[in-house]
Structures are given as C-alpha cells and as structure tokens.
Amino acid sequence: MPARPLPTSTASSAAVRTAFLTVKDAADYLGLSPHTLYVWRHRRQGPPSFRMGPRGRVMYRVEALDAWVREQEQADSRSNPALDPLSVRPHERSARSTAA
C-alpha cells in the first residue's frame with residue numbers, strides 16, 4: 001500500500017504568504033523601490049515593519065500597508081477636502097490689528 005501524502009493546508013499557507021510581505025514584495029505592492037523602504041525603516045518613517053524568524057527578515061503586514069496608504073491619503077490636502085486651504089473662509093481682521 002503506497003504512503004499517502006500528508007494533508008496540506010494550502011488555504012492557510014496561502015493566507016500566511018499574502019498576509020506578510022518581504023521588503024521586495026512590499027515595495028512592489030506600494031510601487032516603490034526596496035531601497036526606499038530600507039531608508040524609511042532606518043529613519044523610522046514609512047509603513048510599520050517588524051523582524052520575523054530566526055534570521056530576522058524584515059516583514060510587512062498587508063493590512064498595515066493598506067492602513068498606512070489610507071493615512072497618507074488623509075494627510076494630503078488634495079485627497080482630503082477638509083485640509084484644502086481653498087475651502088476655508090479667510091479670517092477677518094480684528095479691530096485690534098486695524099486700530100494700530
């Protein structure tokens with residue numbers, strides 16, 4: 001009787017592979033160079049990352065990358081109407097500054 005292969009959980013291993021990205025994969029996902037992510041990590045900027053495993057590979061969570069991109073969109077006045085300087089009425093001068 002031939003040995004049966006052990007059941008593999010391809011769905012869960014695929015989920016793990018897509019939940020975490022290496023620096024190269026995260027850079028591809030964001031449309032950046034891996035060097036940019038390394039520089040941002042060194043400066044403690046950019047999306048959150050962490051070291052995983054015995055070799056300490058730098059990894060990124062896909063959810064964290066998506067959240068970071070949303071934060072960048074909200075911080076940009078072109079994407080966030082609340083930050084658009086043209087949508088704010090100009091301040092009126094107070095009587096104090098015109099009396100001088």
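Buried, on this tour, means under 20% relative accessible area, and exposed means over 50%. Keep in mind as you click around that this is a predicted model.

**The whole chain**

Start with everything shown as cartoon. You should find five helices and three strands, and from the N terminus on they run α-β-α-α-β-β-α-α. Now colour by burial: buried residues make up 17% of the 100 residues in the protein. Switch on the surface if you like; the accessible area comes to about 8500 Å², with 55% of it belonging to carbon and sulfur atoms. As for how the chain folds back on itself, take the contacts with a separation of 6 or more: 38% of them join residues 24 or more positions apart.

**Helix H2, inside and outside**

Next, select residues 23–30, which form helix H2, and show side chains for Val23, Ala26, Ala27 and Leu30: these are buried. Turn the view until you look down the axis of H2. The buried residues fall within an arc of 100°, so they line one face of the helix. Now pick Lys24 and Asp28, two exposed residues on the face of H2 turned away from that buried side.

What do the buried residues of H2 pack against? Add strand S1 (20–22), helix H3 (34–42), strand S3 (57–61) and helix H4 (62–75) to your selection, and you have the partners. Before moving on, click on Gly31, which follows H2 and has a positive phi, near 75°.

**Where H2 meets H4**

Keep H2 and H4 on screen and hide the rest. The two helices pack at an angle of about 35°, and their axes are 11 Å apart. H2 passes H4 in a right-handed crossing. To see who makes the contact, show Ala26, Tyr29 and Leu30 on the H2 side, then Val62, Leu65, Asp66, Trp68 and Val69 on the H4 side. Colour that set by class and you get seven nonpolar residues, no polar ones and one charged.

**Last stop: Arg44**

Bring the full chain back and go to the loop between H3 and strand S2 (50–52), where Arg44 sits. Check its backbone: phi is positive, about 60°, although Arg44 is not a glycine. Is Arg44 buried or exposed? Its relative accessibility is 80%, so Arg44 counts as exposed.

For a closing view, put Gly31 and Arg44 on screen together: Gly31, just after H2, has its positive phi near 75°, and Arg44 has its own at about 60°.

Terms used:
Residues are numbered from 1 along each chain as its sequence is written. This is a predicted model: local features need pLDDT of at least 70, side-chain atom pairs count only at pLDDT 80 or more; totals for chains, interfaces and linings use all residues. Side-chain values use heavy atoms; hydrogens and water are left out. Buried means under 20% relative accessible area, exposed over 50%, partly exposed in between (1.4 Å probe, protein chains only). Helices (H or I, at least four residues) and strands (E, at least two) are DSSP runs, numbered from the N terminus. The arc is that of the directions from the helix axis to the C-beta atoms. Contact means heavy atoms within 4.5 Å. Axes are lines fitted to C-alpha atoms, for helices over the stretch in contact, and angles run from 0 to 180 degrees between N-to-C directions. A crossing is left-handed if the near helix is turned anticlockwise from the far one by less than a right angle, and right-handed if clockwise. Ala, Val, Leu, Ile, Met, Phe, Trp, Tyr, Cys and Pro count as nonpolar, Asp, Glu, Lys and Arg as charged, and the others, Gly among them, as polar. Accessible areas come from the Shrake-Rupley method with a 1.4 Å probe; for residues, only the protein chains shown count as cover.
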